[in-house]
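I opened a fresh notebook page for this structure. Here is what I looked up, in the order I looked.

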Amino acid sequence: MNGVITAWGRILLGYRPNLSIEITRECPLRCPGCYAYGDDHLGGEITLRQLADLKGQALIDGILDAVRRYRPLHLSLVGGEPLVRFRELDVLLPQLAAMGIHTQAVTSAVRPIPTAWASIPRLQICVSIDGLPAEHDVRRAPATYKRILQHIKGHQITVHSTVTRQIAEREGYLEEFFDFWQNNPDTRLIWVSLYTPQVGEESAEKLTPETRAAVIAELRRLAPRYSKVQLPDGLLNVYARPPRNPDECVFARTTLCLSADLQTAISPCQFGGRPDCENCGCMASGALDAVARHRLPGGLKVGTIFETSLRIGKTVAAVTRRDTAPPARRDALPADS
Ligand code: SF4
Ligand code: SF4
């Protein structure tokens, strides 16, 4: 509850409570359907692989500067592969914790996760695991199950799985997956997103309306049976009826996403490009929208309070002339930037 009130306070002051940073342009994986390396991810003029990224002390200082400027409560470090910069993270993560920031590092666990990270407060290590070994190891080599199981030892990770059509169409798959990770001692939580396509995308990953409905029904049936699976009904309701566009998406409106040069904003959300909101299956977005759709005693929707707070925040930031606005998307920057 304290977290909600603090986040609300930040919104009233014109800040976004969530910051997501693509910490590096590098990744040893080549996952099919990876949005970060899509041609339009950063607006079309430049791709993540072409962007100048930072290393060493410049990266540490750059991230600390961004945190001081945008004052998030929650920071997601995504990639590329964040473990490519594990030396910088060794320095950065304890400092972020000392600043009171809740940090989430999203990784493929392609290399060992440093043991010292297990005792850093307010740090969540989220490992992307897309299905059981037969499918995951093909999609996400060299971050295979064999490596992941070695590299997470001694940690309490959050398993984050994205359900693609290949997974969705195999009967009993999710139950087998939950059985496996529920029984793994290094797992604390299990999260499930649904694959989010770009507008007009036709791919082997994209769920059909029928498979999507079947997956949601299966998740509703299975979730209560596994203590580590976090899929409340409110979230599944959003998966069944996602926001229609970024303006309806609480996550997009409360999260600033920066790419690897720490200057280029990714919009409208972490997917970049033109994400197909009506087929969104992003767990972070779903969880926040579930809160916004919740009705308080008396019938008022939390989302109504949120809209008013956003308007107040914009006014407060304008009146106090504070620069809380995100940088422009790269295609809107002047040529010398
Ligand atoms: S690990 Fe992540 S960033 Fe790297 S290719 Fe796979 S989805 Fe993309
Ligand atoms: S998180 Fe999902 S709903 Fe929100 S803007 Fe992105 S694609 Fe759309």
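**Entry 1: the ligands**

Which residues are closest to ligand 2? I looked up its surroundings and found 15 residues around ligand 2, the closest being C249, C269, P275, C277 and C280. I sorted that shell by class: 13 are nonpolar, two are polar and no residue is charged. I keep in mind that this is a predicted model.

Then I turned to ligand 1. The residues around ligand 1 are C27, L29, R30, C31, C34, A36, Y37, G79, G80, E81 and S108. The shell of ligand 1 divides into six nonpolar, three polar and two charged residues.

**Entry 2: how far to trust the model**

I checked the confidence next. The chain has a mean pLDDT of 89, and 86% of its residues reach 70 or more. One stretch made me pause: over residues 330-337 the pLDDT stays under 50. The model has nine contacts beyond four places in sequence for residues 330-337. My reminder to myself is that predicted coordinates should not be read in detail where pLDDT is low.

**Entry 3: backbone oddities**

I went looking for unusual backbone geometry. As a rule, most peptide bonds are trans, and most residues other than glycine have a negative phi.

G79 and G80 are joined by a cis peptide bond, with omega at about 10°. G80 sits in the loop between strand 2 (74-78) and helix 3. I had met this pair already, since G79 and G80 are both among the residues around ligand 1.

Another cis peptide bond links A141 to P142, and its omega is about 5°. I placed P142 in the loop between helix 4 (133-140) and helix 5 (145-151).

I also noted A109, which is not a glycine and yet has a positive phi of about 60°. A109 belongs to the loop that runs between strand 3 (102-107) and strand 4 (123-128).

**Entry 4: helix 2 and helix 3**

How do these two helices lie, parallel or perpendicular? Their axes come within 9 Å, with helix 2 covering residues 56-70 and helix 3 residues 86-98, and they cross at roughly 25°. An angle under 35 degrees counts as roughly parallel, so helix 2 and helix 3 are roughly parallel to each other. The crossing of helix 2 past helix 3 is right-handed. Helix 2 brings G56, L59, I60, I63, L64 and V67 to the contact, and helix 3 brings E88, V91, L92, Q95 and L96. By class I wrote down eight nonpolar, two polar and one charged residues for this contact of helix 2 with helix 3.

**Entry 5: helix 9 and its partners**

I followed helix 9 (residues 233-240) to helix 11 (residues 283-293), where the axes come within 8 Å and cross at roughly 105°. Helix 9 and helix 11 are therefore roughly perpendicular to each other. On the helix 9 side I found G234, L235, N237, V238 and Y239, which meet G286, A287, D289, A290 and R293 of helix 11. That contact of helix 9 with helix 11 has five nonpolar, three polar and two charged residues.

Helix 8 (residues 209-222) was my last stop: its axis and that of helix 9 come within 10 Å and cross at roughly 175°. This makes helix 8 roughly antiparallel to helix 9. I216, L219 and R220 of helix 8 make the contact with L236, Y239 and A240 of helix 9. By class, I noted five nonpolar, no polar and one charged residues between helix 8 and helix 9.

Technical notes
Residues are numbered from 1 along each chain as its sequence is written. Chains are lettered from A and ligands numbered from 1 in the order in which they are written. This is a predicted model: local features need pLDDT of at least 70, side-chain atom pairs count only at pLDDT 80 or more; totals for chains, interfaces and linings use all residues. A residue is near a molecule or strand if its C-beta atom, placed from the backbone, lies within 6 Å of it. Ala, Val, Leu, Ile, Met, Phe, Trp, Tyr, Cys and Pro count as nonpolar, Asp, Glu, Lys and Arg as charged, and the others, Gly among them, as polar. pLDDT is the predictor's confidence in each residue, from 0 to 100. Two residues are in contact if their C-beta atoms, placed from the backbone, lie within 7 Å. Axes are lines fitted to C-alpha atoms, for helices over the stretch in contact, and angles run from 0 to 180 degrees between N-to-C directions. Helices (H or I, at least four residues) and strands (E, at least two) are DSSP runs, numbered from the N terminus. Angles under 35 degrees count as roughly parallel, over 145 as roughly antiparallel, 65 to 115 as roughly perpendicular and the rest as oblique. A crossing is left-handed if the near helix is turned anticlockwise from the far one by less than a right angle, and right-handed if clockwise.
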